[in-house]
Amino acid sequence: MLAVNQLSHSFKNGVEATPVLNEIDFHIAKGEMVALLGSSGSGKSTLLNLMAGLMKPTTGSILIDGSPIEKMSENQLAEFRRSHIGFIFQSYELIPHLTVRENVELPLVFQAVKPKERRDKAVSLLTKVGLGEKTEMFPSQLSGGQQQRVSIARSLVTEPAIVFADEPTGNLDTKTEKEIIDLLIELNGTLGITFVIVTHELEVARRARRVIQLRDGRLVEDGAWAGETG
Ligand code: ADP
Ligand code: MG
C-alpha cells in the first residue's frame with residue numbers, strides 16, 4: 001500500500017540546508033491504522049506532507065499502490081492525489097461559503113462526477129459520520145468536532161487508498177477528541193480505510209495498533225504501543 005524508502009528531507013534557507021528527516025524506512029499495509037508520534041519539531045508534518053505528495057523529498061522514494069509519487073510531474077501528482085489520497089487537517093480547511101454537503105462533494109467536482117452521484121455519496125458519508133441532519137448547513141454553524149467530521153467525510157469521498165491526518169484532534173476538547181478518535185477507528189474497522197495519524201495525543205497512540213515514532217528526524221520506534229518512551 002505505502003512504502004517509504006530511505007527518505008530524507010532538508011529545507012533550504014539560502015545556501016544552508018537544514019536536515020529534517022533522515023533515511024526513514026517503513027511499509028504500511030492496506031487497512032492498517034498507524035499513529036505517527038514525536039515531539040514538536042521532530043519532522044512529523046514534513047513526513048506526512050511528503051507521503052501525501054504535498055511536497056517532494058530531497059532523496060528517497062514513496063510508493064503508494066506501487067507508484068513512486070516523487071517521480072510524478074505536477075499534473076500527474078495532482079491527479080494521483082485526487083484519486084488515491086485523502087488528507088485531514090488540524091484546522092479542518094472547509095470552504096465557508098459552501099454548505100457541508102457541497103464541501104464533501106467538492107473533490108468529486110474535480111473528478112467530473114455527475115451531480116446526483118456526488119450528492120448521494122456526500123449525503124451517505126455525512127450520515128456515516130453522524131451529520132445526516134446537517135448536510136445543508138454552513139461550516140460556521142457547526143461545532144469544531146462537527147467540522148472535523150465534515151472534513152473526515154470529505155477525505156473519504158473519493159474512496160482513497162490511504163488517508164493522512166495531521167493532528168486531527170489538536171483543536172478539540174478532550175471529550176470531542178475521543179469521539180473523533182472513535183469515529184476514525186470505526187471507519188478503519190468497518191470500511192477498511194488505511195489511516196496514518198500524526199498526533200501528540202497518547203490516546204490515539206494507545207488505540208492505534210501500530211505506532212511509528214520520530215525523534216530529531218529519525219525513526220526511533222515502530223511497533224505496538226508500549227507506553228511512553230520519552
Ligand atoms: P512536527 O510536525 O513534528 O512538529 P515539522 O515537520 O513541522 O515537525 O518540522 C520539522 C522541522 O522542520 C522543524 O525544525 C521545523 O522548524 C522545520 N521546518 C518545517 N517546515 C519548514 C519549512 N517550510 N522551511 C524550513 N524549515 C521547516
Ligand atoms: Mg506538525
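**Contacts, fold and ligand shell of the predicted model**

Beyond its neighbours within four places in sequence, Asn 171 is in contact with Gln 90, Ser 91 and Gly 144. The structure described here is a predicted model. Asn 171 lies in the loop that joins S7 to H6. Because 16 C-beta neighbours fall inside 10 Å of Asn 171, and a buried residue would need 20 or more, this residue counts as partly exposed. Between Asn 171 and Val 20 the C-alpha to C-alpha distance is 25 Å, and the two are 151 residues apart in sequence.

Gly 144, one of the contacts of Asn 171, falls within the residue range of helix H5, which runs over residues 144–156. Helix H5 has 13 residues, and the distance from its first C-alpha to its last is 19 Å, close to the 18 Å expected at 1.5 Å a residue. The helix is mostly covered, with 11 of its 13 residues buried. The buried residues of H5 are Gln 146, Gln 147, Gln 148, Arg 149, Val 150, Ser 151, Ile 152, Ala 153, Arg 154, Ser 155 and Leu 156. Their cover includes two strands, S6 (85–88) and S7 (162–166), together with the helices H3 (100–110), H4 (115–128) and H6 (174–191).

Ligand 1 is surrounded by Phe 11, Thr 18, Val 20, Gly 38, Ser 40, Gly 41, Ser 42, Gly 43, Lys 44, Ser 45 and Thr 46. Two elements, strand S2 (16–28) and helix H1 (44–51), each give two or more residues to this shell. Helix H1 gives the most, with three residues. By character, the shell around ligand 1 divides into eight polar residues, two nonpolar and one charged. Val 20, named above for its distance from Asn 171, is among the residues around the ligand.

The protein as a whole contains seven helices and 10 strands. Its C-alpha trace spans about 50 × 40 × 35 Å along the principal axes. The radius of gyration is 18 Å, which agrees with the value near 17 Å that a compact globule of 230 residues would have. Of the 230 residues in the protein, 40% are buried. Among contacts with a separation of 6 or more, 66% are between residues 24 or more positions apart.

How values were computed:
Residues are numbered from 1 along each chain as its sequence is written. Chains are lettered from A and ligands numbered from 1 in the order in which they are written. This is a predicted model: local features need pLDDT of at least 70, side-chain atom pairs count only at pLDDT 80 or more; totals for chains, interfaces and linings use all residues. A residue is near a molecule or strand if its C-beta atom, placed from the backbone, lies within 6 Å of it. Helices (H or I, at least four residues) and strands (E, at least two) are DSSP runs, numbered from the N terminus. Ala, Val, Leu, Ile, Met, Phe, Trp, Tyr, Cys and Pro count as nonpolar, Asp, Glu, Lys and Arg as charged, and the others, Gly among them, as polar. The expected span of a helix is 1.5 Å times one less than its number of residues. A residue is buried if 20 or more other C-beta atoms lie within 10 Å of its own, exposed if 12 or fewer, and partly exposed in between; C-beta atoms are placed from the backbone. Two residues are in contact if their C-beta atoms, placed from the backbone, lie within 7 Å. The radius of gyration is taken over C-alpha atoms; the globule rule is 2.2 Å times the number of residues to the power 0.38.
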